Every structure is written in C-alpha cells, then in structure tokens.
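Let's take a walk through this protein together, one strand at a time. Keep the picture open and turn it as you read.

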Amino acid sequence: MKKLNLSHRTFRNNFAMQTILLIFLFVSNILPQVVIKERVEINPSTQSNEMNRSSQYKIYDGDDVWGFIMPGTGRLIFYLKELQLTQWNVYPIIYHHGTLPMYSSLNIHFIRGDSTITDSLINRFPDVTSWVSNYFDYCIEDYIERTVYRYKNYSTTIDSIYYAGEVNQGDTIRLTYRSDWVRTGQEHIYDVWSASEHQEPGGTIYWGILFGHNDACIADWDNFFVIGMSVQTIDHFAITIIPDTLVLQDTLALQDTLAFGETAQLIIQAKDADSNDVDFPADKLLSLKVETNEAYGTFIDANGDTLKTTPVILNDITYGDANEGLIKFAAVKENPDSFVKCLIKVTLQEDTTKNSEREAVVLEQTLKFEIEEPYVIRPTYFNSEGVRVYAELLSQKTFDVKMTRGGEPISRHHFKLYTDYVEGSGGHDHTNERPDINNNYGYFLRPNDTQHHRSLEDSTSSLGRFDNVIYNASYFGNIMQIYLKSTQNELFIDSIDIVERIPDLVELEEGNNYELVGAPQNHSGTNDPCRPTPPTSQHSVNHFGTEQMLTIVQNIANDHAALHPGIRIRVNDISLENGGLFDVNNSWLTPHQSHRMGTNADIGFTGIDQNDDCVNLNRTDLFNIITSRCSRRPWPESDHYHIYE
C-alpha cells in the first residue's frame, strides 16, 4: 500500500488534495491554559500504540484516538472552519480532485473515570454541494466516475459551530472517525499520520491530528482532515455603546454619547488576552453597574423594565442577552447642565476579576422656556359692554421656546404648549373642575397671528427656537401653569408659573366698627347673627382691595359708628386676593361682573349691635355716609349697597 509521510509529502501535478479543517475548540470556564499531552494514544481493538509528531499509524473504521485530557470544567466546542477545493490542470481538461464521503462524521466520547458520560455525533459536512467527475483508476487503467463534494467557509468568522457539551477536569476525550464507503483499489484503511503543534494568526495554539484514507489506485488522498485542539480563555469583556438616536452627522463621535432622554444599546463581548472575540456560554451571569454619576443614568433590562434603585446595579444578566444587545443604558434620571461621564462596569458574577469598563457621555438635552421676569400679568377683564378695562399688554406675556442637545440647537422638534391652573390659588377653594370655555384657561397667540389657541403645537426652527409666543391671561386671578412638552419624548418638559393678579391689593383687617362677612369662616357658630346659615361661597379670602378702597370702607364704618354708637356695619365681598373673576356661586362663571380689581365693596343693610344681635341699619344715614366718602353713588342690591372707589 502506498504511504505518505506528511512531514515530507510532495504533490505532483497529477496529484491533488482536498482538506477539511475542523478546529476542535475547548472554551474554558475561566480556567488555566490547557496542557495537551505530548503523547497521543492509538487504541485499536487489539493493540495500543504510541505516536510522536512524525509517526504514522493505521486505524480502521470505528477505532478510537485518545489522549485529550481536560484541565477543568468548561464547554467543548467544535466548528468547521475551511474546506479547500483543489484542481489539476492538464490542457484541455481541468481535473477537480477531492473525492470526499458525503456522510462522514466525528463521534466524540466523553470519558469520566471509567464511565462514558455523553456521546455526541457531529456531521462532517453541514452544507455541501456535489457533482460527478471522472478520475483515472491506475488499478484498472481506465477513468471512473466519482462524486465530489465541496464545502467552503469564506467568512472570517466561525459559522458552523457545534456545542458538544460540558466537560470536567480530568475528563478524557475519545474521538472516532466514521465514514461511508469510498471505492478504492485496496482495503478500506484510515491513517493517523501525525500529531503536530500549530499556531494560527493571532496566537492561538492547537494540536493537529491527521486522519486519512489512502487510495492507491486513484493516487489521491481522497478522505482526510485535521482535528485541531486549543484553549481560548476569557480575559475581559468589551462594552460597545450604540445610541438608539443618532442626531449628529459624525456617527463615530456618537458611539459612546447620548443625551438626556435617550437610550443606548449595550453589547457585551467576551475577549481573550489578545482582545480576540471569545465564544462564551450564553447562560453565564453578569452584573452591570453605573460606577460614576449614577444620578444621570440607569439600565433597562431584557424585559423592558427600567431599574429604579440606587446604587444602579443590574444583576443576573445572562451573557446571551448582553451579547445580543438586549440590555440598554438609559439617560432618563437627571438632566446635566452640560455633560457628565457615566462609567459603566460589567463583571462576571462567578469571577469578579473578569470585568471591563467603558464611559458613556451623557449630554444635556433641554426643551425650555426663555422668558423675562416678572412672571406676573393681570387677569383679562372686559366690562359689561365687552371693552377691555385696561390695556391688552397688561394681560399678556411674551416668551420663546428653545431646544438644545449638548448646547447645540435641535431643529424640527415638535412641541405642545398648554395651560392648567393651580388648584386653590387666588382664593378659589372650590374643587370642581374649571370648564374649558370662554377664557377660563387663557390662550396663546403665534407671532403675527390673531387666532386664539387654547393649546398650541409647532416645531423648532433651524436655529432650535420658536420665538415671540404670546400668552394671554385667563379671567381669573390665580396661578396659571404654562407647560411646554415635547410630543416626541415625554421626558422633555418645562413649566412656568404665571401669576395672574391685580397689583397692590391689600387685605382688610378686622375693625371695631365693622364685621367681615361672606367667607365661610366668617359664619361659623354665631359670628354673624344676620346670617346664621353659612354662605355657599367657597372663597375664604374675599376682602382684598386697593388701599384707597379699604380706607373708604373704614371711614364709612367710623362715620356710621359716630351716628349710631355700638352698631357695626357688615362688610361683604370686595375682591379675592389676586382679583379677577369672583365666581361667588363656585361655578367659574360670572355672577359678580365687578369685584375684580379691589375697587368695589358690598355694605349690608343690616348690622350687628353691641349685644351681637342683628339689627336693621338706617339706610338713609348709610346712603348719605357712602355718598360722602365715594366718588360715585352706591348701587342698591337686594340686601346691600354696592359701592365704588
């Protein structure tokens, strides 16, 4: 039989070889480097042989190769790397050589002590193409047809991976090569030609064991392959930060950069000491932590749940989820003034020495008002003829909208402006909802536009701005909150409180010659014998007025006491603390057309004597006193005089 020593083999132009490289890769569970025995045992059924790097031995189909001893617990991985197709050119015929059995396989036995733990069968060719070619058979001196198979992995990465199972320290790996029958002129023999050490680009060391079938009649090595064995240990992890929103043109500058309100995909890749990618078990558990500036970032787990705890540590992440980018870093906590750097650390939970860090840059991203102080305007007030009582500008506030990211303008960002009142402000103690009618919530005006907008939606310009928006006050004296909210990200929101009030209103204090009435607290028990049942009005501060109006009321009370000693007049509504519409019936409507500016007051026709009894006042005397103190005649109502400043 023809023999070939691979250490000195040569190939003539009538001889071709096709090779399958099957790299047998053991990924250690963070273990020391595997030491492969210098001796590889051949264990046919009747004898045991030793082999060195230049030896050649024959084994028959189904015999075993021993000798690969595992140094610790880990996962055994096989993968096909490359099968090269060779050809022989003898003009005018091109001969394609490499007659390879279609159903070849490698049978792997895991031996633990004297027991076989697991058997695994790996197909030799996962995806092949086949065709028929003619070969010259020297035994019969004629051409014969042979089936040829091709497998080629053109990728630089491994694409045919087999996970054979877990191994423990001391396990022995026994390999058996099996094949379908190949037509030959001699017996069906497989050779183990050599066990030699190899080094791949990048430094990976593996042992190669060569099997082959010698076909002397066709004079080609039609069935051989290399089994390589090496250990690739994890040294650290690499963290890649890919923002979900890329705003700027330079995507490289953005790889580790995101802004407030944005999220970024985290991709964790296991690496060896040379920073080559390592295939790592998907079920291994990792921890992620924000080491610095944790007030600005957190994590979103594979289920979409945002971590809300402090410190920011996400435990029990599977490497599979982390490697697929299912974990995210979210800059959704606080908005920095300019930028901060958050140091993200990933750690293998079972061995904390295996870790890595990477900085995520978090930029400010702000949608905000630009508005000048003071934030105070007057309530809108039309008289009974529908004419504004004071200048329109006194009830309006102009402001700008601005959107920035990292200090740079953001254009075409859509936003919405709307308002809501602060409940209980301005002396309105009733909690029924204010109806969205008339001018109860104020309105917005676009620049150079007269249309009223209860809410306003628009977008920032190329300069990241929307300037000269006008807010026009509501009818009420209160605190109105103006909201600026992004329609693209709910985290971008700004608000400002606009106080709507009549300036310089002062509360009337209690006096000796008058009784304050009309507010609920003025009518508890027997405070007001003229009105034992408290009024329905839910406005606890109803005696605010201008200093001039308050002086007039006090003078009227003093003048009346001089004429009628011991009799106190009853002073009802003047204005609420901020002025504005006084909805005495708690309906947010207009029973009081006046009482908005602190320049009107109600003086009752009844008073209270020194015995705290209700008495009728002399209306003629009261009328004359009011007329002498006011610039206008009082207006008589059903139970009181309405007086004017």
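Start with strands E41 and E44, which pair in the antiparallel sense over five bridges. Find Asp602: across from Asp602, its bridge partner in E44 is His642. One thing to keep in mind as you look around is that this is a predicted model.

E44 has another partner too. Strand E43, made of residues 635-636, pairs with E44 in the antiparallel sense over two bridges. Here Trp635 is the residue standing opposite His642. So how many residues sit between E43 and E44 in the hairpin they form? There are three.

Now, is E44 mostly covered or mostly open? Mostly covered: five of its five residues are buried. You can check that on both faces of the strand. On one side you'll find His640, His642 and Tyr644, on the other Tyr641 and Ile643, and all of them are buried.

Stay in this area, since E41 and E44 also take you to a pocket. Strand E41 (600-608) and strand E44 (640-644) each supply at least two residues to the lining of the second largest pocket. Which strand gives the most? That's E41, with five residues. The space in this pocket comes to about 510 Å³. Its lining has 28 residues, and the closest to the pocket's centre are Asn572, Asp573, Asp602, Asp639 and His640. You've already met Asp602 as the partner of His642, and His640 as one of the buried residues of E44. If you sort the lining by class, you get nine nonpolar, 13 polar and six charged residues.

Next, hop over to Ser486, in strand E35 (residues 478-486). Is Ser486 buried or exposed? Its relative accessibility is 5%, and because buried means under 20%, Ser486 counts as buried. Its side chain has company, though. It makes a polar contact with the side chain of His413, at 2.7 Å. The side chain of Ser486 also reaches the backbone nitrogen of Asn489, at 3.0 Å.

Let's move on to some sheets, beginning with an open one of five strands. Read across it and the order is E19-E26-E25-E21-E23, with mixed pairing. At the edges stand strand E19 (257-259) and strand E23 (313-318); each has a single partner strand, so one side of each is left without a neighbour in the sheet. On average, neighbouring strands of this sheet are turned by 30° against each other, direction ignored. For a look inside the sheet, pick strand E21 (residues 285-290) and strand E25 (residues 339-348), which pair in the antiparallel sense over five bridges. Ser287 is a handy place to look: it stands opposite Thr347 in E25.

There's one more open sheet to visit, and this one has four strands. Their order is E18-E20-E24-E22, and the pairing is antiparallel. Which strands are at its edges? They are strand E18 (236-243) and strand E22 (298-300), each pairing on one side only. From one strand to the next, the twist averages 35°. Within the sheet, strand E20 (residues 263-271) is joined by four bridges to strand E24 (residues 327-330), and the two run antiparallel. To see that pairing up close, look for Gln265, which stands opposite Lys328 in E24.

How values were computed:
Residues numbered from 1 in each chain as written. Predicted model: local features only at pLDDT ≥ 70, side-chain atom pairs only at ≥ 80, totals over all residues. Heavy atoms only, no water. Pairing = 2+ DSSP bridges. Axes fitted to C-alpha atoms, helices over the stretch in contact; angles between N-to-C directions. 1 Å grid on protein atoms, 1.4 Å probe; cavity = no way out; pocket = protein on both sides within 12 Å on 5 of 7 lines; lining within 4 Å. Points joined across faces, edges and corners; volume = space filled by probe spheres on them. Nonpolar A, V, L, I, M, F, W, Y, C, P; charged D, E, K, R; others polar. Buried < 20%, exposed > 50% of the residue type's maximum accessible area, 1.4 Å probe, protein only. Polar contact = N/O pair within 3.5 Å; in protein donor to acceptor, adjacent residues only side chain to side chain.
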